[in-house]
Amino acid sequence: MTDLAKYRNIGIFAHVDAGKTTTTERILKLTGKIHKTGEVHDGEATTDFMEQEQERGITIQSAATSCEWNAHRLNIIDTPGHVDFTIEVYRSLKVLDGGVGVFCGSGGVEPQSETNWRYANDSEVSRIIFVNKLDRVGADFYRVVGQIQDVLNAHPLVMVLPIGIEDQFKGVVDLLSRKAWVWTDDMDPMSFTVDEPPAEMADQIEEWREKLVETAIEQDDDLMEQYLEGNEPSIDDLKRCIRKGTINLDFFPTFCGSAFKNKGVQIVLDAVVDYLPDPTEVKPQPEIDLEGNETGEFAIVDPDAPLRALAFKIMDDRYGALTFIRIYSGKLGKGTNIMNTFTGKTERIGRLVEMHADSREELDSAQAGDIVAIIGMKNVQTGHTLCDPDKPATLEPMVFPDPVISIAVSPNDKAASEKLGIAIGKMVKEDPSFRVETDQDSGETILKGMGELHLDIKIDILKRTHGIDVTVGKPQVAYRETITKRLEDSYTHKKQTGGSGQFAKIDYVLEPGEAGSGFEFESTVTGGNVPREFWPAVEKGFVKSMVKGVLAGYPCLDFKVNLYDGAFHAVDSSAVAFELASAAAYRQSMPKAGPQLMEPIMKVDVYTPEDHVGDVIGDLNRRRSIIKSQEAGATGVRIKAESPLSEMFGYIGALRTITSGRGQFSMEFLHYLPCPKNVSEEIIKEVQEREAAAD
């Protein structure tokens, strides 16, 4: 029986290039899990084991590994930083108890850091902060601490101060013990001495230590009283308070160092053990019923409770399908029967493994608090709950955003055509933000994703991992349609063909809804003119029709329907008749309600060296962007803008050309806005031409 107090399930997350994977490598080396450190820039990092990750030097899928530190077991997930793969961060945070947010010492709080921080806030995950890369030009620990307060609206609790900065960075002062950790060899993380801090830092150390103590003791009224009476709290008492405040999300212990130069990682590992929660200290997962309502029951972290586990990732590799699960309660062993509450089917567990990136260790059993993988599960998808068949329950599922970009692919030969369906089926299972559909008119396969890089990687995986040669069409934007005018209308559906006929009459109001409201339906019929049992059929007719708009065939959103009157026939009316009536009403009324094309607007964050700011802004303006803000940093300028997705294809190439390869950008979906008239006309014309060609 394992002591759950010795468990830490943590994720490492940050903006792309802040040094997450390098930090993970150093942690694995320090804990003795690996003996040679692999570097990201050499394509040899342990957790970046996909070919695509090694070539591009980025993390694409989250990788799980575990190690030991100070008699504690750490289950670590290294997550991607690129905005197209935030889904990996979201689903990892969903099953973790704590996290390490890594920030770049010179870049500071970058766009993706904000998104990941927001996800972590939503999932209520306790975090510690590691300000990395303090050896880089332009690094400034105190500036980053300020940004964490201002940009993330978070409370960083500074635990260490850097000794030296940029190429003079050699160690840190631990504020609790007032001791200096100084490293003498960049290549050896163990080459440190713990000694008295530099004399010139004495005032600074006392100032920051006082802030630390005053913040920490707010967690304990007795200690606060003693402190006000002049009694200094002990280090153990302070650690206890810091742990409590960290778990309550009142503040985030903040450390610094340089993972690449092997400086400061041990102190972060100690902090993971000291301040991040074990599985029993985290709010238990609520259980829900089949309709998605909370039952009031919770999956308490207890090995003796009924089994509750959440599948948070599916991965296909050379051994077959791997289902990553987080066990919230109960035990799991080889040969156990478990039930998938989504499908209602029971499956037997064949093999249970503990993952270390792409290698594995066989297990006989696992228990509450563990993150493990099951080999060979069928019909399990991300977000499904696995439970005890005798005591079924469902955990809160995961919600994934809709894709904003699509491309058409077609196989180059018959053999590829047969393999394509199987390969895409596996990829969709692995990545819930990746969707696939077949175009009914052209027969083409349409791949949908979160961004250009996302789909680029999917095509790469099809070609290399699955050996399928495909022709790729140009990217398409996921436009939407809506209405701009209120309209009262009526429709009567009548059909007489001998025997019983069909009759349904509906009087209704169509009106534009709030942005982001989707579709709303209400019925204010009185007097039984349309019996209550037919109302759902009227709604169903509109819901089924709204997938195809009247302008260019894009799904319709943000409108309301109010059914206020109508008529029925005692014999000829049926749910089907009312459904057909509302489908025809949609086609009749939408063109009269001021239909409008909507385009996805992206939140764009561009980083550029100062001497190229004018050119970058000029280029963004040409792309119909609205510049929201400019912030000068130590090494360049950060421009925030809102841009139509259709104008941003191939932007990375243009940005690199303008900035001589030094610019960076990230973008994520923000909202839909009306298309300008000229753009709208062009899109509608394009769609009409495509349909004519298909006929």
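The legends below describe an overview and several close-up views of a predicted model.

Local features are reported where pLDDT is at least 70 and side-chain atom pairs at pLDDT 80 or more, whereas totals for chains, interfaces and linings use all residues. Residues are numbered from 1 along each chain as its sequence is written, and side-chain values use heavy atoms, with hydrogens and water left out.

**Figure 1. Overview of the protein chain, with its 16 helices and 38 strands.** Helices (H or I, at least four residues) and strands (E, at least two) are DSSP runs, numbered from the N terminus. Of the 695 residues in the protein chain, 55% are buried, where buried means under 20% relative accessible area, exposed over 50%, and partly exposed in between, with a 1.4 Å probe and protein chains only. Among the contacts with a separation of 6 or more, 71% are accounted for by residues 24 or more positions apart; a contact means heavy atoms within 4.5 Å. The accessible surface comes to about 30,100 Å², of which carbon and sulfur atoms hold 48%, as computed by the Shrake-Rupley method with a 1.4 Å probe, only the protein chains shown counting as cover for residues.

**Figure 2. Close-up of helices α12 and α13, whose axes cross at roughly 40°.** The axes of α12 (residues 535-545) and α13 (residues 575-589) come within 7 Å; axes are lines fitted to C-alpha atoms, for helices over the stretch in contact, and angles run from 0 to 180 degrees between N-to-C directions. The two helices are therefore oblique to each other, given that angles under 35 degrees count as roughly parallel, over 145 as roughly antiparallel, 65 to 115 as roughly perpendicular and the rest as oblique. The crossing of α12 past α13 is right-handed, a crossing being left-handed if the near helix is turned anticlockwise from the far one by less than a right angle, and right-handed if clockwise. On the α12 side the contact includes A537, V538 and F542, and on the α13 side the residues met include A575, F578 and Y586.

**Figure 3. Close-up of helix α9 (residues 265-275), which is largely enclosed by the rest of the structure because nine of its eleven residues are buried.** The buried residues of α9 are V265, Q266, I267, V268, L269, A271, V272, V273 and Y275. Helix α8 (residues 235-247) packs on α9 at an angle of about 80°, with the axes 9 Å apart, which makes α8 roughly perpendicular to α9. In this contact K239, I242, R243, T246 and I247 of α8 meet V273, D274 and Y275 of α9, and two of these α9 residues, V273 and Y275, are also among the buried ones.

**Figure 4. Close-up of α14 and helix α15 (residues 651-658), whose axes come within 10 Å and cross at roughly 150°.** This angle makes α14 roughly antiparallel to α15, and their crossing is right-handed. D615, V616, D619 and L620 of α14 make the contact with Y651, L655 and I658 of α15. R624 lies in the loop between α14 (613-622) and β36 (626-632), where R624 has a positive phi of about 60° although it is not a glycine. R624 is partly exposed, with a relative accessible area of 25%.

**Figure 5. Close-up of S680 in helix α16 (residues 677-694).** S680 is buried, with a relative accessible area of 11%, and, leaving aside residues up to four places away in sequence, S680 touches L597 and C675. The cysteine in this pair, C675, is likewise buried, with a relative accessible area of 8%. The structure holds zero disulfides, a disulfide being a pair of cysteine sulfur atoms within 2.5 Å.

**Figure 6. Close-up of L310 in strand β14 (residues 308-317).** L310 is buried, with a relative accessible area of 0%. Although L310 and T382 are 72 residues apart in sequence, they are 8.2 Å apart in space, C-alpha to C-alpha.

**Figure 7. Close-up of K211 in helix α6 (residues 202-216).** At 39% relative accessibility, K211 counts as partly exposed. K211 and V158 are 53 residues apart in sequence, with 8.4 Å between them in space, C-alpha to C-alpha.

**Figure 8. Close-up of R178 in the loop between β8 (171-174) and β9 (179-183).** Phi of R178 is near 60°, a positive value in a residue other than glycine, and R178 counts as partly exposed at 31% relative accessibility.
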